[in-house]
Amino acid sequence: MQVNVVRGSIQDQTADTLIVNLFEGVTIPGGATGAVDKALDGAISELIANGDISGKIGEVGVLYPRGAMAAKRVLIVGLGQRDEFDLEGVRKAAAAAIKRARDLNAKQAATIVHGAGIGGLDAADAAQAAAEGSLLALYQYDAPKKKEPQNEIESLTIVEFDGSKVAEIERGVETAVSITAGTTLARDLVNMPPNIATPTRLAQAAKEIAAAYGMKITVGGRKWAAKRKMGGFLAVAKGAGEPPKFIVLEHNSDRDDLDTIVLVGKGITFDTGGISLKQVAGMGKMKSDMGGAAAVLGAMEVVGRLNIPLRVIGIAPCTENMPDANAYRPADVITASNGKTIEIISTDAEGRMVLADGLVYAERYQPKAVIDLATLTGACVIALGGQAAGLFSTDDSLRDKMVAAGTAVHERVWPLPLWDDYQKAIKSDVADMKNGGGRYGGVGTSAIFLKAFTDYPWMHLDIAGVALTEKESDYTPAGGTGFGVRLLIEFLRHW
Ligand code: BES
Ligand code: MN
Ligand code: ZN
């Protein structure tokens, strides 16, 4: 779907479908909705008076002008209570309206910017949110199967009456198009089956990003990793049939005048648990165990498109975790690239093994901050469910910035404690640490493990509960969510 911006009046648009809006409690609409109401001789006011629409968030009423305007239909989308309205409300309303338009087989839609008028939101932000909500809601994974004929909207025109706001709205829409491209990439990579989204395929995605935006790229295989003594990464890769890839993308590679932020994403393209084999039920979901790597690649796509004025490094250690005659085993002792030794308690705690070497590798960039994203623990899913990622940080100001970014884009992160006391649980008699600390506090012990491989301001996001969703919501279809892309970009843009 193309998104474009024009100056004009919504009621004069030639699109087949117009989208206007309504706050809860309004009886006689004003602004653009009021103008359409007038053109329709009070039909919207009548819908409200009859109780057919109330303005509840996400509710959509439909009217047929039958010649009173060029458009075939008018959708009135609810914005909810005015005093609770925010950018998330814009995204939700835009999503509800565009999905209804699609279901009605609209071809061209025209919408006002929810919230930019009476809502009182910043025009660029509101336009960005409206375009993001619309584009993300229509996302579909292109599965390799016979396709049913489908409704598809060709264009969405964002209409603004106030000429002084048009440039800002255009800027917001451009940002949204870039950000949704990165989110779409991340969703696609998670949705691909694990025999397709192999480490090699993730490396290909990284190469495409590097070529498109002139980034430096390194893709290391087993030999490359062995030369760098990446024992954690290689231990997990030992049982893998697919060749492992350690991916490094560098934006503004040689600009050491800029602050450096390193993003590290767990890239387990399928997690069987290895020798500590997982149970059968639900194992297929472990194709999403590269959700961290997908978020990092998606974010790098956006970093390139927006040419973010920072030095941004994306690292993704990618491999499958398979049972095999060659696989690493419980009781093995592994040496990571910083020389620290790890006693294997469970080969299913493989994420921290590959992240260990990813985090050590980040050091060489002398980063101002390193942020890792990983579908790391079932314990985090139990703690926060699908509502938020768990956040651990050695730096309170980084933490506060990320929490604020998460609230703004509604990819929420929730701080959890990084107490040294968790170290007791991973104390080993035969190595510097164990890779598992037992059931209790499983999310805290995983974070304290990772901390041993960092020596810079660091933040860990456990995205196990949010990388994949079984149920569609607002602008997130079932499947890979792309969680982390919008969050990281919001964080980087406000650095
Ligand atoms: N990839 C899993 C964590 C996971 C669980 C992600 C559910 C998404 C949904 C991870 O590699 C894992 O197996 N973690 C173990 C760690 C334990 C063995 C210390 C876990 O959480 O049980
Ligand atoms: Mn695992
Ligand atoms: Zn895993």
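**Close-up 1. Phe-246 and its aromatic neighbours.** Phe-246 is buried, with a relative accessible area of 0%, where buried stands for under 20% relative accessible area, exposed for over 50% and partly exposed for values in between, computed with a 1.4 Å probe on protein chains only. The model is a predicted one, in which local features need pLDDT of at least 70 and side-chain atom pairs count only at pLDDT 80 or more, while totals for chains, interfaces and linings use all residues. Residues are numbered from 1 along each chain as its sequence is written, chains are lettered from A and ligands numbered from 1 in the order in which they are written, and side-chain values use heavy atoms, with hydrogens and water left out.

A search of the whole structure finds 9 aromatic pairs, a pair being two rings of Phe, Tyr or Trp (for Trp, its six-membered ring) with centres within 6.5 Å, called stacked when the planes are under 30 degrees apart, edge-to-face when over 60 and tilted for the rest. One of them joins Phe-233 and Phe-246, whose ring centres are 5.5 Å apart and whose planes stand at 80°, so the pair is edge-to-face. Phe-233 belongs to helix H8 (residues 231-237) and Phe-246 to strand E8 (residues 245-251), so this pair ties together parts that are 13 residues apart in sequence; helices (H or I, at least four residues) and strands (E, at least two) are DSSP runs numbered from the N terminus. Both Phe-233 and Phe-246 are buried. The rings of Phe-246 and Tyr-361 have their centres 5.3 Å apart and their planes at 70°, so they too form an edge-to-face pair. With Phe-246 in strand E8 and Tyr-361 in helix H10 (residues 351-362), the pair ties together parts that are 115 residues apart in sequence. Tyr-361 counts as buried at 8% relative accessibility, and one aromatic cluster is formed by Trp-224, Phe-233, Phe-246, Tyr-361 and Tyr-365.

**Close-up 2. The zinc ion (ligand 3) and its protein donors.** Lys-266 (NZ), Asp-271 (OD), Asp-289 (OD) and Glu-350 (OE) are the protein donors of the zinc ion (ligand 3), at 2.0 to 2.4 Å from it; donors are N, O and S atoms within 2.8 Å of the metal (3.2 Å for Na, K and Ca), and since water is not among the atoms, sites may look incomplete. The angles among the 6 donor atoms of the zinc ion (ligand 3) run from 78 to 174°, and the site is octahedral, a label given to six donors if opposite donors are over 155 degrees apart and all others between 65 and 115, with irregular as the label for a site that fits none of the defined geometries. Along the chain, the donors of the zinc ion (ligand 3) follow the spacing K-x4-D-x17-D-x60-E. Distant parts of the chain are linked here, as Lys-266 lies in the loop between strand E9 (260-265) and strand E10 (267-271) and Asp-289 in the loop between E10 and helix H9 (291-306), 23 residues apart. Lys-266 and Asp-289 are both buried.

**Close-up 3. The manganese ion (ligand 2) and the bridging Asp-271.** The manganese ion (ligand 2) has as protein donors Asp-271 (OD), Asp-348 (O), Asp-348 (OD) and Glu-350 (OE), lying 2.1 to 2.2 Å from it. Among its 6 donor atoms the angles are 71 to 168°, and the site of the manganese ion (ligand 2) is irregular. The donor residues of the manganese ion (ligand 2) are spaced D-x76-D-x1-E in sequence. Asp-271 bridges the manganese ion (ligand 2) and the zinc ion (ligand 3), which lie 3.1 Å apart. Asp-348 is partly exposed, with a relative accessible area of 24%, whereas Glu-350 is buried, with a relative accessible area of 0%.

**Close-up 4. Salt bridges.** The count comes to 19 salt bridges, each defined by a side-chain nitrogen of Lys or Arg within 4 Å of a carboxyl oxygen of Asp or Glu. In one of them, the side chains of Arg-91 and Glu-88 meet at 3.0 Å, N to O; the two residues are 3 residues apart in helix H3 (residues 87-103), and are therefore separated by about one helical turn. Arg-91 and Glu-88 are both buried. Another salt bridge joins Asp-332 and Arg-329 at 3.1 Å, N to O, with Asp-332 counted as buried at 15% relative accessibility and Arg-329 partly exposed at a relative accessible area of 42%. Salt bridges that share partners also join Glu-132, Glu-411 and Arg-486 into one network. Arg-486 is among the buried residues of H14, a helix (residues 485-493) that is mostly covered, with 8 of its 9 residues buried.

Notes:
Four donors count as tetrahedral if all angles lie between 85 and 135 degrees; four count as square planar and six as octahedral if opposite donors are over 155 degrees apart and all others between 65 and 115; anything else is irregular.
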